[in-house]
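Visitor: I'm new to this one, so could you walk me through it and explain the terms as we go?
Guide: Happy to. Have a look first, then ask away.

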Amino acid sequence: KKELLRRYRNLLKSCRRKLDKNDKQQIRKAFDVAMEAHQNMRRKSGEPYIYHPIAVAQICAEEIGLGPTSVICALLHDVVEDTDVTLEDIRGMFGDKVAQIIDGLTKIKGVEVIDPTNFSIQAENFRKMLLTLSEDVRVILIKLADRMHNMRTLESMTEHQQRKIASETLYLYAPLAHRLGLNAIKTELEDLGLKFTEPETYNTIESKLKETEKKKKRYIETFIEPIYKTLVEMGFKVRIFGRPKSVFSINNKMRTKHVPFEEVYDLFAIRIILDASLEHEKSFCWQVYSIVTDYYTPNPDRLRDWISTPKANGYESLHTTVMAKNGQWVEVQIRTNRMDEIAEKGYAAHWKYKDSAGTHESNLEKWLVRVRELLEHQDLTALEFVDDFRGNL
Ligand code: MN
């Protein structure tokens with residue numbers, strides 16, 4: 001009980017928006033309903049089942065930046081499918097919106113359970129999930145949080161299940177997370193996906209990364225020093241740090257370029273994150289760019305201005321690759337705190353809640369319209385649809 005309460009309090013703390021009294025009451029009610037419903041259930045690991053919905057709710061709040069409604073739905077996401085509680089019970093207790101989202105989540109799950117090895121059922125399942133996109137994008141975001149937690153706890157599944165779930169994650173969920181701009185989640189899904197589909201490859205790269213860690217840290221500090229000093233002198237409020245590339249992306253590069261680990265030249269990127277008000281964002285970023293290139297020579301072919309023209313998933317950042325003193329190429333990413341928040345947690349969390357940058361909204365809207373059109377193509381089989389959809393991603 002103590003441990004449960006600890007986890008519950010942690011969840012409340014991770015909600016970024018200030019919760020009012022009603023939010024708190026509803027979340028508490030959802031927690032109580034879920035706890036009661038899952039009372040005698042355990043996960044494969046032996047842990048009480050309720051740890052899972054709490055963890056999923058926490059991912060929604062902390063890592064995707066979703067609000068109280070999503071937290072409530074995440075707490076309840078397995079209740080209708082796995083216990084005696086019905087959708088109508090949920091509607092009575094939490095209202096139509098929560099019921100609608102839970103219904104979407106349950107429909108996805110309903111198919112999943114019948115036969116997890118049947119690919120056309122998996123495909124149909126995925127198609128159903130996307131159908132819910134047109135109703136409420138939160139269904140997908142909660143589903144991704146659910147998958148994220150299942151991947152983090154995959155260790156306790158059988159090897160066969162591990163492979164099946166990990167391949168599906170790499171094939172569909174990671175690209176979907178990418179499309180929704182959830183970079184942190186996408187990266188972790190990819191790394192875990194690789195770990196469970198190709199454990200040897202994963203372990204080799206991971207241990208090589210560990211070996212070179214210290215040397216790299218020193219190198220990065222030396223690289224950053226003059227830039228940081230100058231920017232602070234100019235009055236900028238910045239954070240600068242080295243960001244190691246993920247195991248998955250290193251493996252990808254080794255494969256596509258047919259080179260060994262040692263030759264994957266830009267194994268890390270430097271990220272400069274600065275404070276700026278909306279109207280100064282662009283000019284401040286370019287000022288920082290100008291300082292960086294005062295110290296290091298840029299490669300003109302590798303300049304990417306995702307600030308003037310953001311990516312379709314809402315990503316904004318200024319990228320350049322410069323040559324360090326030892327002749328090594330280093331990628332430098334320049335962005336504001338707001339841009340970083342969107343890059344890591346996804347625009348989806350801001351979607352429809354913020355109106356500061358209308359262009360991204362319409363980009364996501366456009367994509368949703370295309371997905372809807374695809375879904376309305378009745379003549380496609382579920383498998384054909386998934387192939388189409390992946391191409392579209
Ligand atoms: Mn679940």
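Visitor: Leaving aside its neighbours within four places in sequence, which residues is Ala34 in contact with?
Guide: Bear in mind that this is a predicted model. In it, Ala34 touches Ile50, Leu75, Leu76 and Val79, once neighbours within four places in sequence are set aside. Take Val79: it sits 45 residues from Ala34 in sequence, yet their C-alpha atoms are 6.4 Å apart in space. Ala34 itself belongs to helix H2, residues 21–37.

Visitor: What makes Ala34 count as buried?
Guide: Buried means under 20% relative accessible area. Ala34 has 0% relative accessibility, so it counts as buried.

Visitor: And why is Ile342 called buried?
Guide: The cut-off is under 20%, and Ile342 comes in at 4%, so buried is the word. You'll find Ile342 in helix H15, residues 337–345. Its C-alpha is 9.5 Å from that of Asn313, which is 29 residues away along the chain.

Visitor: Why is H10 called roughly antiparallel to H11?
Guide: Helix H10 (residues 159–179) and helix H11 (residues 183–197) pack at about 155 degrees, and their axes are 8 Å apart. Angles over 145 degrees count as roughly antiparallel, so H10 earns that label against H11. The crossing of H10 with H11 is left-handed.

Visitor: What classes of residue make up the contact of H10 with H11?
Guide: Nine are nonpolar, six polar and three charged. Among those that meet there are Leu170 and Tyr173 in H10, and Leu189 and Phe196 in H11.

How values were computed: Residues numbered from 1 in each chain as written. Predicted model: local features only at pLDDT ≥ 70, side-chain atom pairs only at ≥ 80, totals over all residues. Heavy atoms only, no water. Axes fitted to C-alpha atoms, helices over the stretch in contact; angles between N-to-C directions. Helix = DSSP H or I, 4+ residues; strand = E, 2+ residues; numbered from the N terminus. Parallel < 35°, antiparallel > 145°, perpendicular 65-115°, else oblique. Left-handed = near helix turned anticlockwise from the far one by under 90°. Contact = heavy atoms within 4.5 Å. Nonpolar A, V, L, I, M, F, W, Y, C, P; charged D, E, K, R; others polar. Buried < 20%, exposed > 50% of the residue type's maximum accessible area, 1.4 Å probe, protein only.
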